[in-house]
Amino acid sequence: MSGHSKWHNIQGRKNAQDAKRGKIFQKISRDLYTAAKIGGADPDGNPALRLVMEKAKAANMPKDNVQRALDKATGAGGANYEEITYEGYGPAGTAVLVEALTDNRNRTAASVRSAFTHHGGSLGTTGSVAFMFDRKGYIFIANDEDLNLDEDTVFEAAIEAGAEDMKATEDGFEVITEPADFETVRNALVEQGYEVSQDEVTMIPQNTVEVPEDKLATFAAMIEELEDNDDVSAVYHSAD
């Protein structure tokens, strides 16, 4: 039994790691598609795409996955993908935005609606919650006892680089930018030697909602079901 239990635990950890890796690849695929759609599929002439491709390489993302995302952006193979944003409410009135990339609008709408209704949420109409979010560049600079970065120094560096704001957390510093300034600010901070552990253009809620303890599991299950959907490329919410 102990051998079985050990294998079960190892397999459980592997499954969790695979799921996490899958979500990372999903996010990178979305960024590849967006960058290629806007600036073309040639990284030599598209700095934004080049940056995402470097992320894909660092994450050991298979080349087939990268090429598939670029093919979607260029329409190679005859596939016609469209970007759709769904809006709705989850448990405790949390606002939820779901970005999808699909070749079958009906299939995606049905599965997204199902994820909401299965967990006490409801799919809303276009514009029902989007106004509660702002699209921003997000850069996280890691900090710990070894680094011991000075908050004022980091703040000054971020603002001089063009950031909109910065907030200190227990683990580091959250730098917020306008989407157009994101790449410039990130590159400036990296050149100054700061360790950027997360960087993306994302949707940030203007206000957050505290989810009661008795609804936390239901809320988490809804988000997980949405994120596990192959058509869904990103999920944003206002839950604290």
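**Exercise 1. The annotated span**

Task: For residues 81–238, state how far apart the end C-alpha atoms lie and what share of the span is helix and strand.

Solution. The end C-alpha atoms of residues 81–238 lie 28 Å apart. Helix accounts for 32% of the span and strand for 34%. These values come from a predicted model. The UniProt record, an unreviewed entry, places the feature "domain: TACO1/YebC-like second and third" at residues 81–238.

**Exercise 2. The four-stranded sheet**

Task: Work out the strand order of the open sheet of four strands, and state which strands are its edges.

Solution.
Step 1. Start with S1 and S2, which pair in the antiparallel sense over eight bridges. Within this pairing, Ile-84 stands opposite Ala-100 in S2.
Step 2. Look at the connection. S1 and S2 form a hairpin with five residues between them, and Ala-92 in the turn has a positive phi of about 70 degrees.
Step 3. Add S3, residues 122–123, which is joined to S1 by two bridges and runs antiparallel to S1. Gly-88 has Leu-123 in S3 as its bridge partner.
Step 4. Write the order, which is S3-S1-S2-S8 with antiparallel pairing. The edge strands are S3 and S8, as each pairs on one side only.

**Exercise 3. Helices on the sheet**

Task: Find which strands H4 touches and at what angle H7 runs to S8.

Solution.
Step 1. H4 packs on the sheet and touches S1, S2, S3 and S8. The direction of H4 makes about 20 degrees with that of S1.
Step 2. H7 lies across S2 and S8 and runs at about 155 degrees to S8.

**Exercise 4. The largest nonpolar core**

Task: Identify the residues of the largest nonpolar core that touch the most other members, then decide whether Val-112 is buried or exposed.

Solution.
Step 1. The core has 17 residues, of which Tyr-86, Val-96, Val-98, Val-112, Phe-116, Met-222 and Leu-226 touch the most other members.
Step 2. At least two residues of this core come from each of strand S1 (82–89), strand S2 (95–102), helix H4 (105–118), helix H7 (213–227) and strand S8 (232–237).
Step 3. Take Val-112, whose place is in helix H4. Val-112 counts as buried because its relative accessibility is 1%, and the cut-off for buried is under 20%.
Step 4. Leaving aside neighbours within four places in sequence, the contacts of Val-112 are Tyr-86, Val-98, Leu-123, Leu-226, Asn-229 and Val-232.
Step 5. For a distance along the chain, use Glu-87: its C-alpha atom and that of Val-112 are separated by 9.8 Å, with the two residues 25 residues apart along the chain.
Step 6. A general tendency applies here: in soluble globular proteins, nonpolar side chains tend to be buried together.

**Exercise 5. Polar contacts of Lys-136**

Task: Decide whether Lys-136 is buried or exposed, and find which side chains make polar contacts with the side chain of Lys-136.

Solution.
Step 1. Lys-136 lies in strand S4. With 13% relative accessibility, Lys-136 counts as buried.
Step 2. The side chain of Lys-136 makes a polar contact of 2.9 Å with the side chain of Glu-164. A polar contact of 2.8 Å joins the side chain of Lys-136 to that of Glu-178.
Step 3. Beyond four places in sequence, Lys-136 is in contact with several residues, among them Ile-176, Thr-177, Pro-179, Glu-200 and Val-201.

**Exercise 6. Ser-128 in its loop**

Task: Find which backbone oxygen lies 2.7 Å from a polar atom of the Ser-128 side chain.

Solution.
Step 1. Ser-128 lies in the loop between S3 and S4. Ser-128 is buried, with a relative accessible area of 17%.
Step 2. The backbone oxygen is that of Thr-125.
Step 3. Leaving aside neighbours within four places in sequence, Ser-128 is in contact with Glu-87 and Tyr-89.

**Exercise 7. Positive phi at asparagine**

Task: Locate Asn-60 and Asn-148, and state the phi value of Asn-60 and of Asn-148.

Solution.
Step 1. Asn-60 sits in the loop between helix H2 (47–58) and helix H3 (63–74). Although Asn-60 is not a glycine, its phi is positive, at about 60 degrees. Asn-60 is exposed, with a relative accessible area of 65%.
Step 2. Asn-148 is in the loop between strand S4 (133–142) and helix H5 (151–161). Asn-148 is not a glycine either, and has a positive phi of about 50 degrees. Asn-148 counts as exposed, at 61% relative accessibility.

Note on methods:
Residues numbered from 1 in each chain as written. Predicted model: local features only at pLDDT ≥ 70, side-chain atom pairs only at ≥ 80, totals over all residues. Heavy atoms only, no water. UniProt positions renumbered as here; feature names shortened; annotations may be inferred. Core = buried A, V, L, I, M, F, W, Y, C linked by side-chain atoms within 4.5 Å. Buried < 20%, exposed > 50% of the residue type's maximum accessible area, 1.4 Å probe, protein only. Contact = heavy atoms within 4.5 Å. Pairing = 2+ DSSP bridges. Axes fitted to C-alpha atoms, helices over the stretch in contact; angles between N-to-C directions. Polar contact = N/O pair within 3.5 Å; in protein donor to acceptor, adjacent residues only side chain to side chain.
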